[in-house]
Amino acid sequence: MADLVNLTIDGRAVQVPPQTLVIDAAKTVGIEIPAFCYYEGLTLAAACRMCLVEVEKMPKMMTACTLPVSEGMVVRTETEQVKQARKYTLEFLLTNHPLDCPVCDKGGECELQDMAFRYGAGESRYTEEKVHTPEKQFSPVVFFDAPRCILCFRCVRVCNEGLGVGALGVVNRGVVSEIAPNVGDHLECDECGACIDICPVGALTSGAYRYQTRPWEMVHVGTICTHCGDGCKTTLGTRNDQIIRGNNRDRSGINGEFLCIKGRYAFDFYDHAERLQSPLLRVNGKLEEVSWARALQVVAQRFTETISGGGSFGVIGSNHTSNEENYYLQKFARQVLKTNHIDHHRTGDVLTLLDALSGKTAKLATVSDLYERKAVLVLGADLALEHPLLSYQIRANYRHHQAHVYVVTPEAVREDKYAAAIVRGRDYESLREKLKAEPELVIVFDDSYKGDELRKLVDFAESLGIPVKFICLVDYANSRGAIDMGLTPELLPGYAPSGEAGMHVEEMLEAQLSALWVVGANPFKGGFTRKTNFLVVQDMFLTETAQQADVVLPAASAYEKNGTVTSTSGQVQRLTRAINTMGAKPDLEIMGFIAREMGVAAVLGPWVPETVFAEIRKTVRGYDIAMPVIATGGAAQTMPVNGRIPVELRPDLVQSDHNGLFASGTLGRYSKVLNSVVENRLSR
Ligand code: SF4
Ligand code: SF4
Ligand code: SF4
Ligand code: FES
């Protein structure tokens, strides 16, 4: 190919695009040049000198992390001179570094330890006293131990460039240089932990994880964060049915290694002291612990009696439960309970968007579109707080590709810093000429754009005459999947009209139903008194709704079950059970047991996630996706309808919770980490 550069690295012919750095060119032929300060995606620092290589015709050794390739270049990475340079660099980095890997939290996964083993000297020649400073706590989740720091500035750069926060800097010079937090002695930031994860040594450590275990003692399970709708993959480190840490260092999933505070730390709700571990039954007005057998028997009996007595049912599903659970629940409601009174809390107007896109060229955007497309228009939302991954992707697109970002929001947002144009309010039309000049556009909008407003927006996009894609923001891990799976009275799975009017959430709460079944939702939040005769609630905690139930069935969290969820961008990903919590069961299993107890299991089929998903693939358009993609940790995008949706769409029912970075609906109350950080109290 004419536009590739030819060079030789350690005698091997290499062809790479112009401007490729030697360190990256070497990787393409499997040659690893050791590095500390270099980090893909961040600006170059050339701070550590670990990557020195010999280059023919150059008088001195060069840093491979800053040197672009050139035609005919000859690079050597394993000469005696290079090896000697690495040894000296390590000796220099270790002059003030404690030599106590066995007691350091990073031991076993430390880049400095690995390099010292591979390239370092066998013993230290340094006998002088080292400069010692005590460890500091920057926040409940970020600890800093200055003597271990090798001043690679990865943490400073990831916070500034990656997150757009800039909460870390360097103070002092020379041997007393130190990383310092933004507010005197502490951090006020996103508390995302990216700085800790990216630190190559044990200088930055996590308050939620440090000194609890060693990396090789954990089982690492990749699953999906259950908090917002962005769909970050998180790899949970578990030991003895406990989740000890979350990160995504293998960079699989739609988020690469990005996680916000919720994905990295807020799994901790799972072992909150108030977690339900036994079914509860109301006896003489009080909820009492009973066996699973007794609780299931009561539910099955009351459901069966209600059916035979011609009573009325209402079913409220969840934005957090899996696609399989939502599908099975609506099937249970429609085929066994014979009701269309089934709904959930709608947090974005997906229905109007899909309907309005009918016959248009515009389509749905993925998370990677936010990184790759030339221009992005953000409408309404404060993405950095409400959809951190999407904000991160747009920022990276701007940094790496100089994407044009247009912001139309009521208040100042983080995207303002690099926006091509800012409109305070809602007048996106004033951007028409600028947007028309773009080669392509992704529009991201929140729940303030719904119904006719949203149709107007889609028409506006169409009138620009450029390719446009959309992301309709929804709140939670499976808000989108709940709609796709038919958790609405008007629509069956796959957006087929149900043909029969059913009640919405508010109507069900007000009605004198014979039985109300709430699975993973808290509709009584904010003080509501039940009107139904019989209330069954499946949940992890004794929520306001569960407190008024006749039967409470303890449910497993997303981290304790298998299945799939669909992100705000319509990307289906796999949940993998990381741990088991005693007493709790996945909602799918609970529903299956109720069906079995009622003698209707054969109508609904096996309550096995894989079997239910096989049925979803056949029933829900867009879900007939390549299984190996999601089975191996990837994401498959769905476009579940292509045509008008011939029912009343009820945009008036759409209402986002607008959770910020440190909140997560009812679930967020039970996360110790979310409640411990100062920013939560500053209510950002
Ligand atoms: S926790 Fe996140 S936001 Fe806070 S300093 Fe570290 S990288 Fe920056
Ligand atoms: S704290 Fe870690 S990431 Fe930050 S400069 Fe020091 S060694 Fe590098
Ligand atoms: S951005 Fe959303 S999905 Fe990703 S880690 Fe944060 S809360 Fe979880
Ligand atoms: S990796 Fe090249 S100077 Fe640090």
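**Entry 1: a surface patch**

I looked up the nonpolar surface of this predicted model. Val131, Val175 and Val176 make a nonpolar patch of about 240 Å² there. I then located valine 131, which sits in the loop between α3 (111-119) and β6 (136-137). Its relative accessibility is 36%, so I recorded valine 131 as partly exposed.

**Entry 2: the surroundings of ligand 3**

I listed the residues around ligand 3: Cys225, His227, Cys228, Asp230, Gly231, Cys232, Leu259, Cys260, Lys262, Gly263, Pro388 and Leu389. Two helices, α6 (261-265) and α12 (388-401), each give two or more residues to this shell. Sorted by class, the shell around ligand 3 consists of seven nonpolar, three polar and two charged residues.

**Entry 3: salt bridges**

I noted that the structure holds 44 salt bridges, and I examined several of them.

My initial pair was glutamate 111 with arginine 154, whose closest N and O atoms are 2.8 Å apart. Glutamate 111 belongs to helix α3 and arginine 154 to helix α4 (residues 154-162), so this salt bridge ties together parts that are 43 residues apart in sequence. I asked whether each partner is buried or exposed. Glutamate 111 has a relative accessible area of 29% and is partly exposed, whereas arginine 154, at 3% relative accessibility, is buried.

I turned next to aspartate 197 and arginine 249, which form a salt bridge with their closest N and O atoms 2.8 Å apart. Aspartate 197 lies in helix α5 (residues 194-198) and arginine 249 in the loop between β13 (242-247) and α6, so the pair ties together parts that are 52 residues apart in sequence. Aspartate 197 has a relative accessible area of 17%, and I entered this residue as buried because the limit for that class is under 20%. Arginine 249, at 33% relative accessibility, is partly exposed.

I also inspected the salt bridge between the side chains of aspartate 587 and lysine 561, for which the N to O distance is 3.5 Å. Aspartate 587 is in helix α18 (residues 587-598), while lysine 561 is in the loop between β26 (551-554) and β27 (563-566); the pair links distant parts of the chain, 26 residues apart. Both aspartate 587 and lysine 561 are buried.

Which residues are joined into one network by salt bridges that share partners? I found Glu109, Asp197, Arg245, Arg249 and Arg264 in it. Asp197 and Arg249, the pair described above, thus appear again in this network.

Conventions:
Residues numbered from 1 in each chain as written. Chains lettered and ligands numbered in written order. Predicted model: local features only at pLDDT ≥ 70, side-chain atom pairs only at ≥ 80, totals over all residues. Heavy atoms only, no water. Patch = residues over 30% accessible without salt bridge, like charges linked within 9 Å, V, L, I, M, F, W, Y side chains within 5 Å. Areas by Shrake-Rupley, 256 points an atom, 1.4 Å probe, with all protein chains shown as cover. Salt bridge = Lys/Arg side-chain N within 4 Å of Asp/Glu carboxyl O. Helix = DSSP H or I, 4+ residues; strand = E, 2+ residues; numbered from the N terminus. Buried < 20%, exposed > 50% of the residue type's maximum accessible area, 1.4 Å probe, protein only. Near = heavy atom within 4 Å. Nonpolar A, V, L, I, M, F, W, Y, C, P; charged D, E, K, R; others polar.
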